[in-house]
Amino acid sequence: MSRVILVSNRLPVTIRRSRGSEQTLDMSAGGLVTGLAPLHAKSNGVWIGHPGENPNAKTLEELEKRRLVPVDVPTREYRSYYEGYSNTALWPLFHYFVERGEFDPAQFEAYRSVNERFADKVASIAEPDDLIWVHDYQLMLLPEMLRQRVPSARIGFFLHIPFPSSETFRVLPQRTQILRGLLGADLIGVHTYEYAENLQRSFRRLLGIETVRGALRYSGRSVRIQSHPIGIDTDEMRAAAFSKKADHELVELKRRIGDRQVVLGIDRLDYTKGLPLKLMAWRRLLSGSQRWRRGAMLIQLAVPSRENIDSYSQQKDEVERLVGEINGLYGSPGRVPIHYMYQTVSREELGALYRLADVAFVSPLRDGLNLVAKEYVACRDDGGGVLALSEFAGAVSELGESLRLNPWDIEGTAAQIERALEMDFGERQERMRPMYHRVVQNDVHRWVERFMSALTEAEVEELQVPPQLQSQVLAGTLGPQLATAGKALLMLDYDGSLREFTERYEDAEPTPEILEILTSLGELDGVRTYINSGRDRNTLGEWFSGAPVSLIAEHGSWIREAGDAKWTRMGPPPDLRWKESVRPVLTEYSERTPGARIEEKSSALVWHYREADDALGEWQALELMSVLEDMLSGSPVEILSGARIIEIRQQGVDKGRAFEHVNELLGPFDFILVTGDDRTDEDIFARLPDDAYSVKVGGGQSSARAAVGSPGSIRRLLRAMIGARRDRTGTGV
Ligand code: GDG
């Protein structure tokens, strides 16, 4: 196993001052630390981070023994980086609290400089074969800094908080620096598909970098973006929750609370966790119900957090005011409706609370994932509890049987909590069981395994840049192959592959040279030639009326065999209602972008911007892509960006499917060659049999086996291949 270097803002230990200058070292508790500890131990690696307190000589020695490496940062710089840029710019913005964000360039400078210090420290330790795993939003510039210092390292990055929509992210003044920082990684992990999509869209909109199947190409490397929701350490949590100490605690709590139902909130005191709105929903529930004023109580543990930041202390004041108000309104001697604690409790006490609670009230306004929800589920294999979970917590995508809350809807949230309190045991069990199994199976160790195996596999699966070859070199291989094949299939893309692009789209009719090549191909015995194009069938039909080749139009929607007059639709007739809403949007973008226009196809709409100004066209296309993606999410369509086009087309219709159709109907072939130049051709390249040949025209990543520079090279290649087939003995094979 390669050595793993873990990097996080804080080391997984707390240095405490005891008497005088004496220090003690405590391992931090919590899922991430217990999850990463086995990896740290097994890989014989190091963990690099800020120590919190300056370690004395003895503590340093102890850290070294545990292979923990402190990064030294001057106090003022650390504050500007941590409390400053990390927590007053990135944290609020990434949680959609745009107006709380302060984007001070001096703080960004501190952020950059601390990331630099981390990079120097890691680089001083890293060996070329090491795996480096960087954690979280405080270190988003680090991957690129490491890439420069240790170019061959495998670098993974995991973001523990949400990645916001590109519309929100683009508010950040340092947005391109942050995105470029991340691009140093080989693998970027986030908690949910939504965050992965958001990040990909930001790469596209802000840097113009396209992702293909979750990977993008940057500086000659491939960067993958994947969702890997973190798990909890279920064994650790359950051991604490079912310990003797927790048993005692539970008995004591039950004795004091009596037969009231308990609703439990466990949150760091952070404005993203939505405590005031939670309290308002609780107030709403009590105001309408005598029954729950007597029959239920809310235990709210607020864990102190980032107390040096103003917005956190304001939040604390507001929470305490609301607790006081509600207890004043609905309490009676010896009985308060909210038991509020501003402190940290032990894992055992926490576990006892989970076991006690009839309802876990988890209502963040935004949360990367939320471990509390999973911890509660892990302690409830008795099936007796109800999880009420905000739809704005990443965990909701795995915990679908929870009662969903929209924390902004105070009435609705109150109603859901009432529903939870009233829920019978049967339904509680039915909801809890599947969640329990899911949480136990996908624990933090599984998460570590999955991320690490994705990181180490990245190289194997990544999309390559195919080698650029001269047409003669290619012909040297393909000519003899075609010459000796019994049955051969050539499937040729048209625009950009066989024919150069023209300034105006409709001017790209086939040249005499192309028609001559196609005629020669048609005359070859045993060779079937298809033009597989995205163009509409009327144009193709007209242009190739005299050529002895078969035609596939509109990315696999229609087929016309050579010699036939009739087109046949492939697949079922499409549902095209989406066109009505898309057309006006495309029209609007065409009006704003001189030179752009719309093409109407039977199962697609295409926005062309080849004739628009370069920079304006690119910018509008990026924006249009993102508008369409929002608008059409969940519709049966695909949005593709090709060579200065955006195509919106019926799902399930693609060139690859058309290839499979022909191959099934007429195959197997002894020789297959497919050519293409853009994203739509990748649909065939990716599905070809292993022994088929594929040639991409132009540079960039592709699953084609080889690439050539221009359509001219493809024509030269075809001529040479025709020659070889005609003269089967003259090839030297
Ligand atoms: C970030 C993301 C993402 C709480 N009170 C006590 C205590 N805790 C423990 C809980 C839980 C952890 O703290 C809180 O985790 P969360 O996930 O709820 O929230 P963040 O701290 O904001 O974490 C979050 C997470 O990273 C992981 O990727 O899920 O979305 O914001 O484990 O049990 N532990 C102890 N005493 C307490 O009083 N011992």
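Two strands count as paired when DSSP finds at least two bridges between them. With that in hand, one part of this predicted model is easy to read: an open sheet of four strands, ordered β23-β24-β26-β25, with antiparallel pairing. At its edges sit β23 (597–601) and β25, each of which pairs on one side only. Ignoring direction, neighbouring strands here are turned by 15° against each other on average. Inside the sheet, β24 (residues 604–608) and β26 (residues 645–650) run antiparallel and are joined by five bridges; V606, for instance, stands opposite E647 in β26. Helix α22 (residues 578–592) packs on this sheet and touches β23, β24, β25 and β26, with a direction that makes about 10° with that of β24.

Stepping back to the whole chain, there are 26 helices and 29 strands. The C-alpha trace spans about 100 × 60 × 45 Å along its principal axes. The chain has 733 residues, and 58% of them count as buried. As for contacts with a separation of 6 or more, 71% come from residues 24 or more positions apart.

Another sheet has nine strands. This one is also open, with mixed pairing and the order β5-β4-β1-β6-β7-β8-β11-β10-β9. Its edge strands are β5 (68–70) and β9 (211–212), each pairing on one side only. Strands β8 (residues 187–190) and β11 (residues 221–227) pair in the parallel sense over four bridges, and I188 has I225 in β11 as its bridge partner. Helix α8 packs on this sheet, where α8 touches β8, β9, β10 and β11, and its direction makes about 145° with that of β11. Helix α5 (residues 142–149) lies across β1 (4–10), β6 (131–135), β7 (154–158), β10 (215–218) and β11, running at about 175° to β7.

Helix α8 turns up again in the second largest pocket, which has a volume of about 980 Å³. Its lining is made of 36 residues, and those nearest the centre are E197, Q200, R201, R204 and E629. Two or more lining residues come from each of α6 (166–169), α8, β9, β11, α23 and β25 (637–641). The largest share belongs to α8, with nine residues. The pocket lining therefore draws on edge strands of both sheets described above, as β9 and β25 are each among the contributors.

Two of the residues nearest the centre of that pocket, R201 and E629, also meet each other. Their side chains form a salt bridge, at 2.8 Å from N to O. R201 belongs to helix α8 (residues 193–207) and E629 to helix α23 (residues 614–632), so this pair ties together parts that are 428 residues apart in sequence. Both partners are buried: R201 has a relative accessible area of 11%, and E629 one of 17%. Since buried means under 20% relative accessible area, both values fall below the cut-off.

Side chains of opposite charge can pair when their charged atoms come close. In this model the count comes to 63 salt bridges, and a few others deserve a look. E375 forms one with R347, the closest N and O atoms being 3.4 Å apart. E375 lies in helix α15 (residues 371–378) and R347 in helix α14 (residues 347–356), so the pair ties together parts that are 28 residues apart in sequence. At 8% relative accessibility, E375 counts as buried.

Helix α15 takes part in another such link through K374, whose side chain meets that of E398 in a salt bridge (3.0 Å, N to O). This pair links distant parts of the chain, 24 residues apart: K374 is in helix α15, while E398 is in the loop between β16 (386–390) and β17 (403–405). Both E398 and K374 are buried.

Salt bridges also join up into a network, one that links E109, R112, E116, D120 and R149. R149 falls within the range of helix α5 (residues 142–149), the helix that lies across strands of the nine-stranded sheet.

Technical notes. Residues are numbered from 1 along each chain as its sequence is written. This is a predicted model: local features need pLDDT of at least 70, side-chain atom pairs count only at pLDDT 80 or more; totals for chains, interfaces and linings use all residues. Side-chain values use heavy atoms; hydrogens and water are left out. A salt bridge is a side-chain nitrogen of Lys or Arg within 4 Å of a carboxyl oxygen of Asp or Glu. Buried means under 20% relative accessible area, exposed over 50%, partly exposed in between (1.4 Å probe, protein chains only). Contact means heavy atoms within 4.5 Å. Axes are lines fitted to C-alpha atoms, for helices over the stretch in contact, and angles run from 0 to 180 degrees between N-to-C directions. On a 1 Å grid over the protein atoms alone, a cavity is a set of points where a 1.4 Å probe fits but cannot get out, and a pocket is an open set with protein on both sides within 12 Å along at least five of seven lines; lining residues have an atom within 4 Å of a point. Grid points are joined across faces, edges and corners, and a volume is the space filled by probe spheres set on the points.
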